[in-house]
Amino acid sequence: MSLTLLTYLVVGFTFALYIAIAIATRASSTKDFYVADAGVHPIANGMATAADWMSAASFISMAGLIALSYNGYGGSVFLMGWTGGYVLLALLIAPYLRKYGKYTVPDFIGERYYSDTARVVAVICLILCSVTYVIGQMKGVGVAFSRFLETDYETGLGIGMFIVFFYAVVGGMKGITYTQIAQYVVLITAYTIPAIFISLQLTGNPFPQLGLGSTLAGSDVYLLDKLDMILVDLGFQEYTTTLRGSTLNMMAFTASLMIGTAGLPHVIIRFFTVPSVAAARRSAGWALVFIAILYTTAPAIAAMARLNIVDTMQQSDGQALLVEDRPAWFENWEQTGLLKVEDLNGDGRIEYTADPETNELTKLDNDILVLANPEIAQLPNWVIALVAAGGLAAALSTAAGLLLAISSAISHDLLKSTYMPSISEKAELRASRIAMAAAVLGAGYLGLNPPGFAAGTVALAFGLAASSLFPALLMGIFARGVNREGAVAGMLAGISVTLLYVFQHKGIMFIPGTSFLGGMSPNWFFGIEPNAFGVVGAVVNFVVAFSVSRVSAPPPNEVAELLDFLHEPSAPAPKAPPGASH
Amino acid sequence: MADDKNVARRQLFAAKVRSLMLRLLIVWFVVSFGFGILLVEPLNEIRLGGYKLGFWFAQQGSIFIFIALIFIFSSVMSRLERDYVDGGKESRK
């Protein structure tokens with residue numbers, strides 16, 4: 001059977017599964033639509049959260065980002081940042097918002113700061129960060145289709161939109177939850193199988209997490225030592241020690257990703273779907289378990305695939321690879337444009353070096369590391385088909401979660417809570433379906449015509465969430481004295497400072513040539529790169545919010561009552577029967 | 001009197017929660033920002049198999065510890081809440 005046919009079969013089967021789940025679990029009330037009737041088991045919600053969270057970027061690009069763009073150790077910012085945020089979420093945010101018990105993040109901000117203005121500002125921040133995020137997912141769907149199924153980008157995007165449209169509009173949160181669980185299973189299988197085989201081939205250890213710290217099969221040289229040595233020989237810096245920028249930049253980058261993670265609405269609302277506060281805490285732990293399976297495998301794929309590639313480029317006699325000796329996978333991926341070779345000095349060999357003047361592997365795309373893995377490891381075709389289905393599952397599950405966050409902000413926070421309070425339950429459910437349909441179409445349109453700023457999208461989403469929503473939520477839960485004026489001023493100040501810094505270095509709306517301080521690192525504030533700036537925006541938010549609160553009227557008594565309620569010990573989960581583990 | 005007692009119990013509960021959070025967040029900071037970034041160079045002198053220890057914390061160890069922190073938080077909080085409710089029953093006797 002040809003690879004393309006097999007890929008169609010595997011991807012077609014997974015899509016049929018998602019649709020079947022959506023029909024079986026369709027939403028019949030607004031509570032179903034927004035929070036799946038708060039009846040999701042904590043482990044199931046953990047799995048759904050993991051799929052919601054891990055996007056096309058985590059699945060396809062992260063390993064390459066770590067290994068190539070950030071040269072190994074520098075990429076740790078993503079690994080620690082995108083997992084450490086869950087500790088903040090589990091300790092400081094999710095249990096309290098679950099206790100609050102309403103449907104959306106702006107709901108809480110509106111009530112806690114007793115203000116429609118605060119609610120609308122939160123909706124704007126939410127839409128800004130979710131829309132920038134969803135564009136990346138729609139592009140991921142189009143790209144995955146065009147690479148694996150040989151359709152063009154537009155067709156791929158159209159099919160992806162149709163699938164999301166179907167299960168998100170029909171199923172709401174309930175349908176999304178159960179399809180996300182299926183999507184998690186597909187994506188984690190697709191990610192780990194090639195990793196296990198590569199680890200086995202290189203080190204003899206089936207666990208990539210252990211293989212990364214093992215010796216190479218048939219020798220007593222450690223894999224990471226060998227990688228460091230080869231890269232230094234080729235003129236690169238050491239894999240295991242090279243900083244990204246400075247120590248301060250790495251701290252700021254990690255912190256921005258952590259607090260951005262804990263402030264992303266599409267992740268937070270997942271914790272509204274479990275039955276109790278205790279379940280929300282436990283569920284965050286499970287979410288991180290399921291996320292960690294991929295996130296601890298990714299650095300192993302990064303190092304192992306990089307080693308495989310440099311090994312391919314070096315022949316056993318120490319000479320560079322002959323152009324005509326390129327393996328089949330190499331030529332396959334050259335056709336997609338992700339790999340490019342130019343024999344600059346005409347010696348018939350491909351020299352891979354750190355020096356752009358002499359490097360003849362002129363293009364080595366980050367995505368290659370995950371996408372070409374099965375072929376490099378000479379795995380059967382069904383594994384390649386599975387990787388295609390996995391990449392699509394990652395993109396679709398994240399897109400659906402984001403679209404739900406956007407549509408519920410519109411139908412619930414703008415219509416029901418702010419502008420049309422008299423709307424009936426039935427009409428609100430219909431409005432939420434219409435908002436969802438509009439959000440899917442809007443996201444599809446932006447995927448087809450990506451605006452100029454799409455290049456930096458996902459990183460920007462974290463900066464925006466970190467600088468606007470996370471501080472507003474944290475102060476809303478823990479700082480009794482912060483009032484309406486403080487919260488609104490803080491959110492606006494935080495998000496403006498972050499946007500301004502990103503725009504001044506990367507161009508207004510990322511339009512090339514409009515950056516007024518240049519993208520150059522000498523102009524960076526204490527050497528902090530724009531993607532790492534969210535934490536500075538968050539500090540600005542806190543300072544402004546506390547200062548403004550001090551000079552304006554204190555919050556009314558209802559706020560103190562709300563906080564008393566949030567911090568009240570909730571009814572404990574029934575004691576587990578003897579012998580049962582928790 | 002009963003009210004005073006309840007207020008005191010609530011304050012004790014809140015203090016216990018705060019101290020639990022603080023301790024867990026200190027560990028959270030130390031394993032990631034501390035071991036993974038600030039102290040990475042001295043820790044890299046120590047080896048864990050083929051891993052330099054600082055590198056291991058940055059790419060593997062911190063993640064495992066994060067998971068443990070959340071489950072510890074979840075189980076200690078459940079215990080604190082159970083104690084609080086049990087204590088409430090006793091004081092009504």
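## Exercises on a predicted two-chain model

In the largest nonpolar core, which has 228 residues, A:Leu187, A:Ala303 and A:Leu403 touch the most other members. The model is predicted, and the exercises below start from this core.

**Exercise 1.** Determine which helix gives the core its largest share, and which residues A:Leu403 touches beyond four places in sequence.

*Solution.* Begin with the helix: α13 of chain A (residues 277-313) contributes 23 residues, the largest share of this core. Then turn to A:Leu403. Leaving aside residues up to four places away in sequence, A:Leu403 touches A:Val134, A:Val164, A:Ala168, A:Met436, A:Ala439, A:Val440 and A:Ala443.

**Exercise 2.** Describe how α8(A) packs against α13(A).

*Solution.* First, the geometry: the axes of α8(A) (residues 153-203) and α13(A) come within 10 Å and cross at roughly 35 degrees. Second, the hand: the crossing is left-handed. Third, the residues: α8(A) makes the contact through residues including A:Tyr184, A:Ile188 and A:Leu202, and α13(A) through residues including A:Phe290, A:Ala300 and A:Met304. Finally, the classes: this contact has 12 nonpolar, three polar and no charged residues.

**Exercise 3.** Classify the relative direction of α7(A) and α17(A) from the angle between their axes.

*Solution.* Take the angle first: the axes of α7(A) (residues 116-148) and α17(A) (residues 381-419) cross at roughly 155 degrees and come within 8 Å. Angles over 145 degrees count as roughly antiparallel, and therefore α7(A) is roughly antiparallel to α17(A). The crossing of α7(A) and α17(A) is left-handed. By class, the residues of their contact comprise 22 nonpolar, seven polar and three charged.

**Exercise 4.** Characterise the side of chain B that touches chain A.

*Solution.* Start with the counts: 37 residues of chain B are in contact with 42 residues of chain A. Next, assign elements: α1 (2-38), β2 (51-52) and α3 (53-92) of chain B each supply at least two residues of this side. Of the elements, α3(B) gives the most, with 20 residues. The residues of this side of chain B divide into 23 nonpolar, 11 polar and three charged.

**Exercise 5.** Compare the settings of A:Ala38 and A:Asn71, two non-glycine residues with positive phi.

*Solution.* Locate each residue first. A:Ala38, with phi near 50 degrees, lies in the loop between α2 and α3 of chain A. A:Asn71, with phi near 45 degrees, lies in the loop between α4 and α5 of chain A. Then count neighbours. A:Ala38 has 18 other C-beta atoms within 10 Å and is therefore partly exposed. A:Asn71 has 21 and is therefore buried, the cut-off for burial being 20 or more.

Technical notes: Residues are numbered from 1 along each chain as its sequence is written. Chains are lettered from A and ligands numbered from 1 in the order in which they are written. This is a predicted model: local features need pLDDT of at least 70, side-chain atom pairs count only at pLDDT 80 or more; totals for chains, interfaces and linings use all residues. Axes are lines fitted to C-alpha atoms, for helices over the stretch in contact, and angles run from 0 to 180 degrees between N-to-C directions. Angles under 35 degrees count as roughly parallel, over 145 as roughly antiparallel, 65 to 115 as roughly perpendicular and the rest as oblique. A crossing is left-handed if the near helix is turned anticlockwise from the far one by less than a right angle, and right-handed if clockwise. Ala, Val, Leu, Ile, Met, Phe, Trp, Tyr, Cys and Pro count as nonpolar, Asp, Glu, Lys and Arg as charged, and the others, Gly among them, as polar. Two residues are in contact if their C-beta atoms, placed from the backbone, lie within 7 Å. A nonpolar core is a set of buried Ala, Val, Leu, Ile, Met, Phe, Trp, Tyr and Cys residues joined through C-beta atoms within 7 Å. A residue is buried if 20 or more other C-beta atoms lie within 10 Å of its own, exposed if 12 or fewer, and partly exposed in between; C-beta atoms are placed from the backbone.
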